[in-house]
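Please look over the model shown here together with the notes that come after it. They are written for someone meeting this structure for the first time.

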Amino acid sequence: MIEIKMSQGAKPGHGGILPKHKVTQEIADTRGILMGEDCISPSRHSAFSTPIELMQFIAQLRELSGGKPVGFKFCLGHPWEFMGIAKAMLQTGILPDFIVVDGKEGGTGAAPVEFTDHIGVPLREGLLFVHNTLVGLNLRDKIKLGASGKIVSAFDIASVLAIGADWANAARGFMFAIVIDPVLVQLMKLVPLRNQSIYA
């Protein structure tokens with residue numbers, strides 16, 4: 001499975017920087033940079049710049065990979081942008097195997113606050129728009145839809161499946177469990193609960 005990341009919730013079309021102190025030798029080798037340098041992720045792909053070129057790139061990746069499923073992940077910004085991609089699907093006859101719709105609420109702590117607060121469409125609204133656009137063009141049964149972005153509970157998963165997703169990517173709850181748990185444990189040791197220690 002090959003996923004082209006066009007944008008994600010909290011960083012729609014923004015790119016990113018991995019600071020040099022986080023760049024391992026494996027990352028340096030993979031990205032073709034030297035150790036001790038920031039790793040810059042550009043805000044756009046060099047392989048395509050139009051929806052038709054995106055479809056051609058999907059076909060190229062599918063061929064080069066020996067037929068692996070190829071799709072893309074994006075956070076809906078302007079509805080006409082996805083409509084342009086859908087139009088390119090119809091014009092070229094090339095379809096992605098899947099599309100992952102991310103919501104603006106999904107995210108990374110590295111995103112600027114202005115982006116997380118004001119750019120991108122919430123997951124359920126974006127998913128519904130993509131699903132309905134594909135249904136209207138008779139393409140929905142040919143393309144699988146995934147949903148990602150602040151999916152934590154079983155209800156979150158059920159709700160996106162109910163409005164059109166074929167699957168849900170749920171990482172946030174697991175990240176919280178791994179990253180925050182040690183912090184919470186330390187806090188619980190320090191903060192009394194109703195005038196009693198939680199461990200009393």
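The points below concern one helix of this predicted model and its surroundings.

1. Helix α3 covers residues 79–92, and at 1.5 Å a residue its 14 residues should span 20 Å; because its end C-alpha atoms are 20 Å apart, the expected span and the modelled one agree. Just after α3, Gly 93 takes a positive phi of about 75 degrees.

2. Which residues of α3 are buried? They are Phe 82, Ile 85, Ala 86, Ala 88 and Met 89. Seen down the axis of α3, these buried residues fall within an arc of 155 degrees, so they line one face of the helix. As background, an α-helix has 3.6 residues a turn, so residues three or four places apart point the same way.

3. On the face of α3 that is turned away from its buried side, the exposed residues are Trp 80, Lys 87 and Gln 91. The buried residues of α3, for their part, pack against two helices, α2 (51–64) and α5 (123–136), and against the strands β4 (70–75) and β5 (98–102).

4. The pairing of α2 with α3 can be described in further detail. Their axes come within 8 Å and cross at roughly 60 degrees, which means that α2 is oblique to α3. The crossing by which α2 passes α3 is right-handed.

5. Where these two helices meet, α2 contributes Pro 51, Ile 52, Leu 54 and Met 55, while α3 contributes Gly 84, Ile 85, Ala 88, Met 89, Gln 91 and Thr 92. Among these, Ile 85, Ala 88 and Met 89 belong to the buried residues of α3, whereas Gln 91 is exposed.

Note on methods
Residues are numbered from 1 along each chain as its sequence is written. This is a predicted model: local features need pLDDT of at least 70, side-chain atom pairs count only at pLDDT 80 or more; totals for chains, interfaces and linings use all residues. Side-chain values use heavy atoms; hydrogens and water are left out. Helices (H or I, at least four residues) and strands (E, at least two) are DSSP runs, numbered from the N terminus. The expected span of a helix is 1.5 Å times one less than its number of residues. Buried means under 20% relative accessible area, exposed over 50%, partly exposed in between (1.4 Å probe, protein chains only). The arc is that of the directions from the helix axis to the C-beta atoms. Contact means heavy atoms within 4.5 Å. Axes are lines fitted to C-alpha atoms, for helices over the stretch in contact, and angles run from 0 to 180 degrees between N-to-C directions. Angles under 35 degrees count as roughly parallel, over 145 as roughly antiparallel, 65 to 115 as roughly perpendicular and the rest as oblique. A crossing is left-handed if the near helix is turned anticlockwise from the far one by less than a right angle, and right-handed if clockwise.
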